[in-house]
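Hi everyone, thanks for coming. I'd like to walk you through one model today, slowly, with the terms explained as we meet them. Please have a look at it first.

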Amino acid sequence: PLPLDGKAALVTGGSRGIGAAVARRLAADGADVALTYAASRSRAEEVAEDIRALGRRALTIRADSADAHDPVTAVDRAAAEFGRLDILVNNAGIFPSGPLEEVTVEEIDRTLAIHVRAALLGTKAAVRHMTAGGRVISIGSNLADHATMPGITLYSASKAALNGLTRGLARDLGPRGITANLVHPGSTDTEMNPADGGEGADFQRSLTALGRYGTADGIAHTVAHLASPDAGNITGTSVLVDAGTNA
Ligand code: NDP
């Protein structure tokens, strides 16, 4: 039997990059998977087709994580479609960067809404459907714990908030046998941060201990472990998958 046989998962921002890799991997491990997207409907459908080809159920949901209501609606739709919800992956994200003087109120509100508010509201909604063995896994960033360059104050602050969120959730949900954890990727080859992105990519590579970017599949592997029954005693913590950037 597969580790996630009979389970149902929701991955936010599952149309591309890390979220798409996570969605495919959870399905390969046996779960039915719902995924949200903001704009990339056809990309989301491609991921869903791959999941169905694995013999699992799939559902795509247009849900803007910047909105106060969409993250909750998405959770309830996924739970209704699958008749249960066992795993929530808070992955949807953006990368605001630039000089501090140019950061706007709108950018701050939008970033915190997507990275923090949506994760908190989505989790609050999801755990109403979860039973013992439930899993909440969020995608942070190595930049939550180490600011490697100027221009990322807003991004780092928004991802650092997930450290507190995850610890609080572990305490809130522990009595119900539900775990909450965080995966902090380092530089990972996606459309957000292409490994062939010139000087910026070379600089990021130079910060690593291993001299290379990570892959979306590599992050998905760690998420799959935390989602599995084998990780049942891991909660309230983070796993750094950053090729040693923060070492
Ligand atoms: P991509 O830009 O490749 O993909 C982002 C995904 O999030 C897409 O599926 C996108 O949907 C979705 N998304 C973005 N905004 C919203 C929104 N408002 N509502 C719903 N969905 C949204 O990024 P990555 O895969 O690289 O990043 C995934 C996560 O990993 C993010 O949280 C990011 O901060 C984090 N991360 C990435 C690193 C990297 O180097 N790549 C490093 C550390 C952390 P759509 O296609 O519809 O736009």
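Let's start with α4 and α5: α4 passes α5 in a right-handed crossing. A crossing is called right-handed if the near helix is turned clockwise from the far one by less than a right angle, and left-handed if it is turned anticlockwise. The names come from DSSP runs, numbered from the N terminus: helices are H or I runs of at least four residues, and strands are E runs of at least two. Before going on, two notes on where this comes from. This is a predicted model, so local features need pLDDT of at least 70 and side-chain atom pairs count only at pLDDT 80 or more, while totals for chains, interfaces and linings use all residues. Residues are numbered from 1 along each chain as its sequence is written.

Back to our pair. Helix α4 covers residues 105–126 and helix α5 covers residues 153–173; their axes come within 10 Å and cross at roughly 15°. An axis here is a line fitted to C-alpha atoms, for helices over the stretch in contact, and the angle runs from 0 to 180 degrees between N-to-C directions. So how do α4 and α5 lie to each other? They are roughly parallel. For that word the angle must be under 35 degrees; over 145 is roughly antiparallel, 65 to 115 is roughly perpendicular, and the rest is oblique.

Which residues meet here? On the α4 side they are E107, I108, T111, L112, H115, V116, A119, L120 and T123, and on the α5 side L154, S158, K159, A161, L162, L165 and L169. Sorted by class, this contact has ten nonpolar, four polar and two charged residues. Nonpolar covers Ala, Val, Leu, Ile, Met, Phe, Trp, Tyr, Cys and Pro; charged covers Asp, Glu, Lys and Arg; the others, Gly among them, are polar. And "contact" means that the C-beta atoms of two residues, placed from the backbone, lie within 7 Å.

Now find α3, residues 70–82. It packs with α4 at an angle of about 30°, with the axes 8 Å apart. That makes α3 roughly parallel to α4. Here P71, V72, V75 and D76 of α3 touch A118, L121, G122, A125 and A126 of α4. The classes are seven nonpolar, one polar and one charged. Once more, the crossing of α3 past α4 is right-handed.

The next pair is α1 with α7. Their axes come within 8 Å and cross at roughly 50°, and α1 and α7 are therefore oblique to each other. The crossing of α1 past α7 is right-handed. From α1, the contact uses G17, I18, A21, V22, R25 and L26, and from α7 it uses A216, D217, I219, A220, H221, V223, A224 and A227. Ten of these residues are nonpolar, two polar and two charged.

Stay on α7 for a moment, since T222 lies in this helix, residues 216–227. Is T222 buried or exposed? It counts as buried, with 21 C-beta neighbours inside 10 Å. The cut-offs are 20 or more other C-beta atoms within 10 Å for buried, 12 or fewer for exposed, and anything in between for partly exposed, with C-beta atoms placed from the backbone. Leaving aside neighbours within four places in sequence, T222 is in contact with V183, V239 and V241.

Follow the chain into the loop between α7 and β7, and you meet I234. With 15 C-beta neighbours inside 10 Å, I234 counts as partly exposed. It touches T179, N181 and L226, not counting residues up to four places away in sequence. I234 and A170 are 64 residues apart in sequence, and their C-alpha atoms are 9.5 Å apart in space.

In the segment after β7 (237–241) sits A243. Its phi is near 55°, a positive value in a residue other than glycine. Most residues other than glycine have a negative phi. A243 is buried, with 23 other C-beta atoms within 10 Å.

Last, the ligand. There are 32 residues around it, and G13, G17, S40, G93 and T190 come nearest; to count, a residue's C-beta atom, placed from the backbone, must lie within 6 Å. The elements giving two or more residues to this shell are α1 (17–28) and β2 (32–37). α1 gives the most, with three residues. By class, the shell has twelve nonpolar, 16 polar and four charged residues.
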